[in-house]
Amino acid sequence: MMTTTDTMSTTTEQPVRSGVLLGIMIGAAAGSLAALLLAPKSGKALRSGLKDKAQTLQSKGQEWLHTAKEAAGNAAQVYKEQSTRLIDKAHVVADRASEATHEAIGRTADAVAETEASAHRTIDKTADAAHHALDEAGRTLKSTS
């Protein structure tokens, strides 16, 4: 499995390699052209040599272009896969946060319901005690009268 660091170093090395490769290609072309132009040849031989070198350079250029396109396609695929993984992870985190929030709301609702039930029990006990005290007071008044 390729880590983000591995992927980043691979994709960072790609432009450096391409630049070095391009420099080598330009240097080779310039050296070949200089050798052809400075070599003592007839006009026909010189034109033929230049034509051959141009065809070779064109062929090499097409190969390098193909290689560069493949590398760009591979890099795009890696970026696509990484972004898909990051999106999937973000969905998992969002789902967990949603679940935790729902659980907290449920616990809060349960606590509110329990507090309400406890308050009703306390009110009922207080009312019963008050009724009992009033009944006792009423009996006491009847017995003294």
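A walk along a helical chain

Let's start with how much of this chain is tucked away: of its 145 residues, 4% count as buried. Keep in mind as you look around that this is a predicted model. The accessible surface adds up to about 11,800 Å², and carbon and sulfur atoms account for 64% of that area.

Now for the fold itself. If you go hunting for secondary structure, you'll find 2 helices and 0 strands. Helix 2 covers residues 43-144, and that is where we'll spend a good part of our time.

Before zooming in, how confident is the predictor? The mean pLDDT of the chain is 83, and 82% of the residues reach 70 or more. The start of the chain is another story: over residues 1-10 the pLDDT is below 50. Leaving aside near neighbours in sequence, that stretch has 4 contacts in the model. Where pLDDT is low, the predicted coordinates shouldn't be read in detail. So go easy on the fine points there.

Next, let's look at some charged side chains. How many salt bridges are there? The count comes to 3, and we can visit them one by one.

Take Arg107 and Glu103. Their side chains meet in a salt bridge, with 4.0 Å from N to O. Both residues sit in helix 2, 4 residues apart, which is about one turn of the helix. Is Arg107 buried or exposed? Its relative accessibility is 54%, and because exposed means over 50%, Arg107 counts as exposed. Glu103, at 49%, counts as partly exposed.

Moving along the chain, Arg121 pairs up with Glu114 in a salt bridge, and here the closest N and O atoms are 3.3 Å apart. How open are these two to the outside? Arg121 has a relative accessibility of 42%, so this residue counts as partly exposed. Glu114 is at 48% and counts as partly exposed too.

Our last stop is Glu136 with Arg139. Their salt bridge brings the closest N and O atoms to 2.5 Å apart. Where do these two residues sit relative to each other? They are 3 residues apart in helix 2, so about one helical turn separates Glu136 from Arg139. Glu136 is partly exposed, with a relative accessible area of 36%, and Arg139 is partly exposed as well, at 47%.

To put the picture back together: you have a chain with 2 helices and 0 strands, 4% of its residues buried, and 3 salt bridges to find among its side chains.

Notes. Residues numbered from 1 in each chain as written. Predicted model: local features only at pLDDT ≥ 70, side-chain atom pairs only at ≥ 80, totals over all residues. Heavy atoms only, no water. Buried < 20%, exposed > 50% of the residue type's maximum accessible area, 1.4 Å probe, protein only. Areas by Shrake-Rupley, 256 points an atom, 1.4 Å probe, with all protein chains shown as cover. pLDDT = per-residue confidence, 0-100. Contact = heavy atoms within 4.5 Å.
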